Amino acid sequence: MFSTRIAADLAPNRLAQALERARSEGRSIIDLTESNPTRAGFNYPADLLAPLADPRGLTYAPQPFGLLDARRAVAADYARRGVSIAPDRIVLTASTSEAYSLLFKLLCDPGDEVLVPRPSYPLFEHLTRLDAVAAKPYDLEYHGAWSIDIGSVERAFTPRTRGLLVVNPNNPTGSFVKPAELDRMAELCAAHQAAVIADEVFADYELAPGAASRSAQVLTRRDVLAFSLGGLSKSIGLPQAKLGWIGVGGSDAVVGGALDRLELACDTYLSVSTPVQAAATELLDRGASVRRQIQPRVVANYRHLIEQGAATPACRVLGAEGGWYAVVQVPSLRPEEELVLDLLTADGVLTHPGYFFDFPRESYLVVSLLVPEPLFAEGVSRVLARSAAPAATSGAERDPSSRSWAPRENE
Ligand SMILES: Cc1ncc(COP(=O)(O)O)c(C=O)c1O
């Protein structure tokens, strides 16, 4: 009866089950996977959402790409980051996830392919499948710093490739795309009539000073159709406001063709609420106070992780340039899944295993840098101690054949 766009097996995964059990037993857990900024102890002014009551929200005047004022506000936000884009090349969406869906509809017929980085954002699996698109991986490799394996990008292209996704900076590796990497990828895309889709939701959050300004800019390109995705969810820590956007770059002719088609798709759904559009200018302005809290926290936690990691020679904290996550390479003394279950059941710390993000081999742990500093420090010291210690039997049930956790990470 049902389509294969949604997997038939919807049973909760082993980690979710163990977490549910631990919580029902009332155990306190340090959640080093917390990626919801509204639950991470930041100070959100009580009247932050007051602009949503703007009386302009009382009139419904549907516009497929959104109200011009809101699109201007988004263009001004790009300008704040040094990127120039005209408001008429901005399309408002309810979220970045919706932006992906619109772009897959624009570019792909069912069964067409998009290239996705590996390791990267677990939701790509669902986002592509829900739009009947195939995700083909290309590799990021780590040699003291992350880089894109351009050979793997070249090999991944087929006549059905319609888009190449980059996450800039990437979740969870924290790596920005470099101009030379984008040059080569744009060339490949242009040759295959494919578009570049750059997810820039974390572009505001540098862990290495200057990394963002040294990174590639997709919107300035004229040689390829390029999209930049962003949204309030990360830029001002308001995922519940449900406002995202697509910036469109490329030659006037190709951008015109893309916008004409996107207009029909956007007009079909009209999914962005009028109150959030009317509030966009003020929200972007006031929300800077949340961004200014998030930024120093992720930097402080990352520094702390580097220091603690250096004191634990068996573990290696991988270099990150931006974003809200960090990766720790740990000894492969036992499968990642066992380690993560041990950390939860024996140490009361929740982490994500690398394979959740499609790391090609074990053993890696991914931690969120959003966690309040003292909790983060305590959680990390337990993680490093357990990861470096020889495997011991703990309360966790073993099922070596199972890698049964459905990835779900969309906050
Ligand atoms: C790389 C990346 N893109 C997009 C999103 C989600 O953004 P939105 O809430 O706008 O759908 C996330 C959330 O974690 C993310 O990590």
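Helices and strands here are DSSP runs, helices being H or I with at least four residues and strands being E with at least two, and both are numbered from the N terminus. With that in hand, hello everyone, and let's walk through this structure together.

A word on the ground rules. This is a predicted model, where local features need pLDDT of at least 70 and side-chain atom pairs count only at pLDDT 80 or more, while totals for chains, interfaces and linings use all residues. Residues are numbered from 1 along each chain as its sequence is written, and side-chain values use heavy atoms, with hydrogens and water left out.

Let's start with a loop. Pro169 sits in the loop between β6 (161–167) and α6. A cis peptide bond links Asn168 to Pro169, with omega at about 0°. Pro172 is in the loop between β6 and α6 as well, and the bond joining Asn171 and Pro172 is also cis, with omega at about 15°. For background, most peptide bonds are trans, and most residues other than glycine have a negative phi.

Now please move along to the loop between α6 (179–192) and β7 (195–199), where you will find Ala194. Gln193 has its place in that loop between α6 and β7 too. Gln193 is not a glycine, yet its phi is positive, at about 55°. Is Gln193 buried or exposed? Gln193 counts as exposed, at 68% relative accessibility. For these words, buried means under 20% relative accessible area, exposed means over 50%, and partly exposed is in between, using a 1.4 Å probe and protein chains only. Ala194 has a relative accessible area of 7%, so it is buried.

Which residues does Ala194 touch, leaving out those up to four places away in sequence? They are Phe157, Thr161, Arg162, Gly163, Cys189 and Val224. Contact here means heavy atoms within 4.5 Å. To get a feel for distance, take Gln308: its C-alpha atom is 43 Å from that of Ala194, and the two residues are 114 apart along the chain.

On to single helices. Helix α2 covers residues 68–80, which is 13 residues, and it reaches 18 Å from its first C-alpha to its last, close to the expected 18 Å at 1.5 Å a residue. The expected span is 1.5 Å times one less than the number of residues. The buried residues of α2 are Ala70, Arg71, Ala73, Val74, Ala75, Asp77 and Tyr78. Their cover includes β2 (90–93), β8 (226–231), β9 (244–249) and α9 (274–286). Just after α2 comes Gly82, with a positive phi of about 85°.

Helix α8, residues 252–269, has 18 residues that should span 26 Å at 1.5 Å a residue, and its end C-alpha atoms are indeed 26 Å apart. Val255, Gly257, Ala258, Leu259, Leu262, Ala265 and Cys266 are its buried residues. They pack against β2, α3 (96–107), β8 and β9. Leu270 follows in the loop between α8 and α9. Leu270 has a positive phi of about 45° although it is not a glycine, and it is partly exposed, with a relative accessible area of 28%.

Last topic: helix pairs. Two packed helices are described by the angle between their axes and the distance between the axes. The axes are lines fitted to C-alpha atoms, for helices over the stretch in contact, and the angles run from 0 to 180 degrees between N-to-C directions. Under 35 degrees counts as roughly parallel, over 145 as roughly antiparallel, 65 to 115 as roughly perpendicular, and the rest as oblique.

The axes of α3 and α8 come within 10 Å and cross at roughly 125°. That makes α3 oblique to α8. Leu102, Leu103, Lys105 and Leu106 of α3 meet Ala258, Arg261, Leu262, Ala265, Cys266 and Tyr269 of α8.

How do α1 and α11 pack? Helix α1 (residues 14–24) and helix α11 (residues 336–347) have an angle of about 10° between them, and their axes are 10 Å apart. They are therefore roughly parallel to each other. Arg14, Leu15, Ala18 and Leu19 of α1 meet Glu337, Val340, Leu341 and Leu344 of α11.

Finally, α10 (residues 288–310) and α12 (residues 373–388) pack at about 30°, with axes 10 Å apart. That makes α10 roughly parallel to α12. Thanks for listening!
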